[in-house]
Amino acid sequence: MNDDPVALGRALRHWRDRTSPTDLGLPLGGVRRAPGLRREELAQLAGLSVDYIVRLERGRATSPSVQVLASLARALRLTETERDHLYLLAGQASPTTGQISPHIPPSVQRLIDQLNGSPLSVHDAAWNLISFNPLWAALMGDPSPWRGKERNIAWRHFTHLPTRVTHTPDQEIRLETALVSDLRSSAARYPKDTHLTALITSLRSASDRFDDLWDSHTVGFHTTDSKTVHHPDLGPVTVDCDTLTIPGNDLRIAICSPPAGSTTAHQFALLNTIGTQALT
């Protein structure tokens, strides 16, 4: 499979020019020479440098990774057909049956945008973090530095990586059971996904708890549950968490909301003001 950097650059410029900033909730901000996104805006949305966007569009950057392509597809709101074309131009195999896809369809992204008043994160079928809103980063901590398995929620939990969240023993059992059950179901649906297979193998080796749950063939589901997030400035923040699964895409959208009668709604308003500026 051969890449075509020049054609890739032309396609990226076309998709950027047709994408309205207002559709993405961005301010128009001054005089624009073109109606679409600025390179700086695309770079911010995709988590890439402006220089790298410039090199891609000018055909000077070759063989972008699958992770970069997935980020560009999400930022530009590409359809599945357009996403597959993007992968083809970059010389990468497009996500196929048997492989987990990190793609967020435009219609799902519009739904996510409507929920920006609540901390929200989006995960693929292996529970890899693929998107989050600013309020989620302000509450949970900025995940931008996470790399590789660090971006996987099951890996983070079962290997005890740092977190602001605490659970009661019952809440932890429900969470662990649901995560293991989810990964088992995903392994059955995506038998060709080598990354998922490697993740499960690594988890079984790294965590006796995961290994025991896997061997027990336990079954569980994500239900509405509470957790406590220990914010460095606001103190304990109690939230209810719901997990929505998008049929056909196998995306998991985790949404935090204030429990009835709690002070969490007021804390959310403060989080919108604080953002990530005070995070350590």
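Axes are lines fitted to C-alpha atoms, for helices over the stretch in contact, and angles run from 0 to 180 degrees between N-to-C directions. The model shown is predicted: local features need pLDDT of at least 70 and side-chain atom pairs pLDDT 80 or more, while totals for chains, interfaces and linings use all residues. Residues are numbered from 1 along each chain as its sequence is written, and side-chain values use heavy atoms, without hydrogens or water.

**View 1. Helices H9 and H10 pack at an angle of about 145°.** Helix H9 spans residues 169-189 and helix H10 residues 194-206, and their axes are 10 Å apart. Helices (H or I, at least four residues) and strands (E, at least two) are DSSP runs, numbered from the N terminus. The crossing of H9 and H10 is left-handed, that is, the near helix is turned anticlockwise from the far one by less than a right angle, whereas clockwise would make it right-handed. On the H9 side the contact (heavy atoms within 4.5 Å) involves Leu-183, Ser-186 and Ala-187. From H10, Leu-196, Leu-199, Ile-200 and Leu-203 meet these residues.

**View 2. H9 also packs against helix H11, at about 65°.** H11 covers residues 208-215, and its axis lies 10 Å from that of H9. H9 passes H11 in a right-handed crossing. Ile-173, Glu-176, Val-180, Leu-183 and Arg-184 form the H9 side of this contact. Arg-209, Phe-210, Leu-213, Trp-214 and Asp-215 form the H11 side. Leu-183 of H9 is in contact with H11 and is also listed among the H9 residues that meet H10.

**View 3. Six strands form an open sheet with antiparallel pairing.** The strand order is E2-E1-E6-E5-E4-E3. Strand E2 (129-132) and strand E3 (165-166) stand at the edges; each has a single partner strand, so one side of each is left without a neighbour in the sheet. Strand E1 (residues 120-123) is joined to E2 by 3 bridges and runs antiparallel to E2; two strands count as paired if DSSP finds at least two bridges between them. Within this pair, Val-122 has Ser-131 in E2 as its bridge partner. Helix H6 (residues 106-113) lies across E1, strand E5 (235-246) and strand E6 (251-257), running at about 5° to E6.

**View 4. Strand E4 pairs with E3 and with E5.** The pairing of E3 and E4 is antiparallel over 2 bridges, and Val-165 stands opposite Val-229 in E4. The antiparallel pairing of E4 and E5 extends over 7 bridges. Asp-225 has Cys-241 in E5 as its bridge partner. A hairpin of 3 residues leads from E4 to E5. In E4 (residues 225-231), Asp-225, Lys-227, Val-229 and His-231 make up the covered face, and Ser-226, Thr-228 and His-230 the uncovered one. In a regular strand the side chains alternate between the two faces of the sheet.

**View 5. Asp-242 of strand E5 makes a side-chain polar contact with Thr-224.** The two side chains are 2.2 Å apart in this contact; a polar contact is a pair of N or O atoms within 3.5 Å, one able to donate a hydrogen and the other to accept it within protein, and residues adjacent in sequence count only if both atoms are side-chain atoms. Asp-242 counts as partly exposed at 28% relative accessibility, on a scale where buried means under 20% relative accessible area, exposed over 50% and partly exposed in between (1.4 Å probe, protein chains only). Beyond residues up to four places away in sequence, Asp-242 touches Thr-224, Ile-253, Ala-254, Ile-255 and Ser-257. Asp-242 and Ser-226 are 16 residues apart in sequence and 9.0 Å apart in space, C-alpha to C-alpha.

**View 6. Cys-241 and Cys-256 are not bonded, because their sulfurs are too far apart.** The sulfur of Cys-241 lies 3.7 Å from that of Cys-256, its closest cysteine sulfur, while a disulfide requires sulfur atoms within 2.5 Å. The whole structure has 0 disulfides. Both cysteines are buried: Cys-241 has a relative accessible area of 13% and Cys-256 one of 3%.

**View 7. Helix H2 packs against three helices through its buried residues: H1 (5-18), H3 (50-57) and H4 (66-75).** In H2 (residues 39-46) the buried residues are Glu-41, Leu-42, Ala-43 and Ala-46. Gly-47 follows H2 and has a positive phi, near 70°.

**View 8. Gln-267 lies in helix H12 (residues 264-274).** Gln-267 is buried, with a relative accessible area of 10%. Leaving out residues up to four places away in sequence, Gln-267 touches Leu-234, Pro-236 and Val-237.
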